[in-house]
Amino acid sequence: MKLLIKSIATCALVAFFIYATAQSLAKVQDVDDGTRVSYRSSLNRTEFSQNQSPFHSRRLRQAPDDGGLEGTEITFKEENAEDRATKTDSEEIRVCDAGLILPLWMPQKNISLGDRLIRGFVYFLLLVYLFVGVSIIADRFMAAIEAITSTERTVVVKGPNNEKQTMHVRIWNETVANLTLMALGSSAPEILLSVIEIYAKDFESGDLGPGTIVGSAAYNLFMIIAVCMVWIPAGEVRRIRHLRVFAVTCLFSIFAYVWLWMILSVISPGIIEVWEALVTLLFFPVTVIWAYIAERRLLVYKYMDKNFRVNKRGTVVAGEHDQVEMDAEKGRHPIVSFPSHRNSDAEAFDEARREYITVLSELRQKYPEAELDQLEMMAQEQVISRGNKSRAFYRVQATRKMVGSGNLMRKIQERAHSDLTEVKASLQQSDEDDPDDQPTRIYFEPGHYTVMENCGEFEVRIVRRGDIHSYSTVEYETQDGTAIAGTDFIGKKGVLSFPPGVDEQRFKIEIIDDDIFEEDECFYIRLFNPSENVLLSVPQIATVMILDDDHAGIFAFTDSFVETSESVGLYEISVMRYSGARGTVIVPYWTEDETAVGGKDFEAVRGELIFENNETEQKFSVLILEESSYEKDVSFKVHIGMPRLAPDDELLAKIQEVESKDTKDLTELDRILLLSKPRNGELTTAHVRIRESKEFKATVDKLVAKANTSAVLGTSSWKEQFKDALTVIPADESEYDDVDEDVEEVVPSCLSYISHFVCLFWKVLFAFVPPTNICGGYVTFVVSISVIGIITAVIGDAATYFGCALNIKDSVTAILFVALGTSIPDTFASMIAAKHDEGADNCIGNVTGSNAVNVFLGIGLAWSLASIYHMAHGKTFNVEPGTIGFAVGLFVALAMVAVSLIMFRRWNKNIGAELGGPKTSKYLCASILVFLWIFYVVICTMEAYDIIRV
């Protein structure tokens with residue numbers, strides 16, 4: 001807001017300065033009768049015949065035919081001498097013509113100097129208010145453009161290990177988006193003003209539209225770059241990353257004005273032919289295509305020198321020479337000499353994913369007590385905040401800060417929370433299928449039973465899943481294994497019925513006990529013959545293991561290799577007791593590092609398991625430490641030692657008594673007792689493999705796919721838009737500097753309230769624009785550009801009336817006032833981009849791109865319509881070279897100086913960048929650019945008032 005007030009004050013001072021200058025010049029011209037000139041040509045009042053000479057100078061005009069005689073050229077001096085004989089002083093002052101929308105302020109004749117000053121001041125305030133309105137509706141327009149250019153498609157690419165990865169990539173190429181829709185969004189007022197002026201003047205040429213485009217180009221190239229140059233924090237620099245694209249846009253931005261000068265003053269002076277206008281318009285797609293070819297390294301660019309670098313996320317990517325040098329200077333990753341064969345979409349996705357994981361790891365170290373969900377939300381905030389931002393983001397951010405709508409940090413926080421909630425819900429929903437939509441299934445649960453020989457009987461459980469609203473039956477029977485029915489268990493056969501709503505049934509099987517020591521035995525229970533529309537699922541055969549209770553047991557792990565997720569927390573490892581369960585047995589256990597390191601990947605443990613009498617399973621826990629790794633594959637070992645009977649166990653006393661006997665005195669029962677000592681089985685070592693969390697991996701993939709600023713800029717409902725329009729939000733300057741810190745509640749300042757209520761009319765009015773989530777932003781795009789066109793038409797009328805009231809020429813008003821008003825939001829956007837971007841592309845690259853697009857699209861489209869219209873009516877479209885032609889030529893010369901200065905800063909070893917650098921050099925270079933702009937404005941103004949004649 002402070003910057004806005006300063007800008008308005010500056011514009012006001014310049015306005016009065018120009019007015020005073022104009023009045024002084026008028027007095028000088030009154031003294032010098034031989035130097036007064038007329039500013040409006042009557043070229044289009046007559047038709048040109050083939051034998052008539054073309055318009056060569058704005059100081060010579062063709063007189064109308066008189067009695068079939070050929071036109072003669074009358075000098076301005078002769079004409080003005082005749083005029084002064086018949087005109088009064090009041091008639092010499094400019095009289096306003098009616099505009100397209102805005103009505104005239106009557107009366108228009110015999111107006112005093114004081115009245116003109118009041119009218120000029122009112123029109124000036126109206127212009128400022130209209131410029132604010134255009135900036136606010138451009139906020140919606142740029143949000144729609146961001147939504148359109150952020151459209152994504154799903155692609156399947158191969159990962160590093162040839163595994164398939166599904167990811168979302170943007171359909172729009174960044175360079176194409178910047179030179180088409182983004183350039184249209186930032187330059188829409190200038191482009192529309194040029195087209196609307198042609199229509200308002202009945203397809204005749206005017207000075208306001210072309211003058212605004214040329215003046216805006218000068219301000220963008222000189223002033224915006226100068227401000228950004230000194231806006232960089234001390235000790236920092238910003239370099240252009242995509243130098244090839246910048247070279248193309250810079251070349252075309254200068255060529256555009258060279259071409260404009262040629263068609264105005266060289267090829268067909270004063271006449272714009274149809275082919276000239278169409279070629280001007282066609283240069284727009286040529287610029288876009290050429291920049292795209294340069295950015296994608298197609299055609300001749302693929303033979304140019306190409307370096308490869310390891311980016312900050314560890315991915316090998318292709319980099320331009322300047323980017324590689326910049327990374328090397330900053331001490332980042334070294335340059336590598338091998339090419340990358342991975343798909344560019346996969347590289348971009350991997351790069352974003354690695355950044356997310358890196359940010360999450362940093363937050364975990366900073367906030368070790370925070371929950372994972374909270375850390376994920378904070379990481380999503382930082383990824384969106386740190387990520388590459390488009391021109392639209394900075395333009396919207398600048399506008400919101402100017403009009404008291406606050407910064408985008410609050411929306412980034414809301415977006416991060418919304419993304420995380422949506423992702424978690426989708427993952428949970430994918431795991432929870434509706435059981436009523438599944439067929440009826442019957443199976444054992446569990447599918448394995450371990451029972452002691454002396455248990456008597458045990459219960460078997462069968463469950464029904466899916467649709468349980470009908471009646472179902474299934475038969476079961478026991479089958480012999482190493483255990484024999486009648487000897488080791490009582491065989492059983494029967495039918496289980498499941499009434500509607502019942503999801504499980506149980507039955508019991510009896511086990512036969514004996515006093516004979518024997519190995520563990522097993523038998524099976526089978527399900528068969530289900531009723532109609534019922535499926536038997538795995539396990540449909542249950543295994544029953546009968547453990548002998550006369551032996552102390554054999555101890556071993558259930559599996560030699562197990563796998564777990566790093567997010568499991570405490571992982572339980574089971575040790576089983578086979579071939580007996582008699583007595584109390586102590587089994588030692590411990591962990592051993594492999595690729596997984598204790599204290600980093602898991603907590604090392606060592607201890608003892610105690611198996612009580614008839615207890616067949618014990619577990620111990622290992623704490624798995626979560627690092628939130630996207631791809632993790634490490635392992636460690638767990639061991640069990642030699643088991644031993646507890647000191648107070650009765651079986652130990654009996655065994656010790658038998659062991660004290662002589663071998664010759666041992667009976668058969670004594671030998672069986674000695675064999676019943678506890679011992680280890682084959683699996684005394686197990687490998688535990690730690691993999692990444694599948695949920696975390698899926699969460700990262702989904703959040704990375706959502707980590708863009710399109711939803712932050714856009715809106716989802718009219719309710720949200722009206723809420724934003726009616727709410728005063730403070731603009732916190734530290735929004736990007738400490739995004740990981742808790743954002744304290746800031747009370748809006750007095751200036752925030754003032755700017756809010758001043759702009760409240762525009763905010764509420766534009767809240768009626770459809771939200772960007774309707775039809776992908778296209779409806780918002782169409783409505784916004786229509787509204788911009790209407791307001792631009794009013795701006796054109798107000799600017800004409802402003803110049804008329806203060807007796808300032810349209811060419812001067814356009815080059816200075818209108819160009820300045822339409823470029824103020826771009827100035828603030830570039831300042832924000834200069835401070836927070838790593839490169840200078842959003843500051844410098846977009847300036848040159850917009851300058852080229854303004855000429856090719858703004859002037860090319862307007863002049864194409866006018867020239868075709870005049871050709872259809874048998875006339876020629878005449879454009880007085882005048883001030884516009886002079887301004888274009890002067891701009892080309894000064895632009896070459898500015899570009900040379902920028903490139904000198906880049907290649908100078910003491911500076912090494914376009915923006916920032918040593919304090920002395922950046923202020924010196926910025927001063928030169930400011931001088932170029934002031935020189936350009938002053939010279940163009942002097943030429944317009946014929947102080948300088950060309």
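**Exercise 1. The five-stranded sheet**

Task: Find the open sheet of 5 strands and work out its strand order and its edges.

Solution. Start with the order: this open sheet runs E11-E18-E16-E13-E14, and its pairing is mixed. Keep in mind as you look that this is a predicted model. Next, look at the two ends of that order. E11 and strand E14 (493-498) are the edge strands, each pairing on one side only. Then check the twist: on average, neighbouring strands of the sheet are turned by 25 degrees against each other, direction ignored.

Now zoom in on one pair. E11 and strand E18 (residues 541-547) pair in the parallel sense, over 5 bridges. For a landmark, take His 448, whose bridge partner in E18 is Thr 543. Just ahead of E18, in the loop between strand E17 (534-536) and E18, you will meet Pro 539. A cis peptide bond joins Val 538 to this Pro 539, with omega at about 0 degrees.

**Exercise 2. Around the loop between E10 and E11**

Task: Explore Glu 445 and say which residue forms a salt bridge with it.

Solution. First, place the residue: Glu 445 is in the loop between strand E10 (440-444) and strand E11 (448-452). Second, look for a partner of opposite charge. Side chains of opposite charge can pair when their charged atoms come close. Here the partner is Arg 461, and the closest N and O atoms are 2.6 Å apart. Third, ask how the pair sits along the chain: Arg 461 belongs to strand E12 (residues 457-465), 16 residues apart from Glu 445, and the pair links distant parts of the chain. In the whole model, the count comes to 16 salt bridges.

Fourth, look at the peptide bond that follows. Glu 445 is joined to Pro 446 by a cis peptide bond with omega of about 5 degrees. Pro 446 is found in the loop between E10 and E11 as well.

**Exercise 3. The neighbours of E12**

Task: Describe how E12 pairs with E10 and with E15.

Solution. Recall the general idea: strands of a sheet pair through backbone hydrogen bonds, either parallel or antiparallel. Begin with E10, which runs antiparallel to E12 and is joined to it by 4 bridges. In this pair, Tyr 443 stands opposite Val 463 in E12. Move on to strand E15 (residues 504-510), which pairs with E12 in the antiparallel sense over 7 bridges. Here you can find Glu 459 opposite Lys 508 in E15.

**Exercise 4. The four-stranded sheet**

Task: Which strands stand at the edges of the sheet with the order E24-E21-E19-E27?

Solution. The sheet is open, has 4 strands and shows mixed pairing. Strand E24 (617-623) and strand E27 (679-680) each have a single partner strand, so one side of each is left without a neighbour in the sheet. Those two are the edges. Inside the order, strand E19 (residues 554-557) and strand E21 (residues 570-578) pair in the antiparallel sense over 4 bridges. Use Phe 557 as a guide: its bridge partner in E21 is Val 575.

**Exercise 5. Helix H8 and its packing partners**

Task: Work out how H8 packs against H5 and against H23.

Solution. Two packed helices are described by the angle between their axes and the distance between the axes.

Step one, H5. Helix H5 (residues 174-200) and helix H8 (residues 274-296) pack at about 160 degrees, with their axes 9 Å apart. Angles over 145 degrees count as roughly antiparallel, and H5 and H8 are therefore roughly antiparallel to each other. Their crossing is right-handed. The contact includes Leu 179 in H5 and Tyr 292 in H8. By class, this contact has 6 nonpolar, 3 polar and 1 charged residues.

Step two, H23. H8 and helix H23 (residues 841-872) pack at about 150 degrees, with axes 7 Å apart. That makes H8 roughly antiparallel to H23. H8 passes H23 in a left-handed crossing. Among the residues that meet are Leu 281 in H8 and Trp 863 in H23. The classes here are 14 nonpolar, 5 polar and no charged residues.

Step three, look beyond H5. Asp 202 is found in the loop between H5 and helix H6 (208-231). Asp 202 has a positive phi of about 55 degrees although it is not a glycine.

How values were computed:
Residues numbered from 1 in each chain as written. Predicted model: local features only at pLDDT ≥ 70, side-chain atom pairs only at ≥ 80, totals over all residues. Heavy atoms only, no water. Axes fitted to C-alpha atoms, helices over the stretch in contact; angles between N-to-C directions. Parallel < 35°, antiparallel > 145°, perpendicular 65-115°, else oblique. Left-handed = near helix turned anticlockwise from the far one by under 90°. Contact = heavy atoms within 4.5 Å. Nonpolar A, V, L, I, M, F, W, Y, C, P; charged D, E, K, R; others polar. Pairing = 2+ DSSP bridges. Salt bridge = Lys/Arg side-chain N within 4 Å of Asp/Glu carboxyl O.
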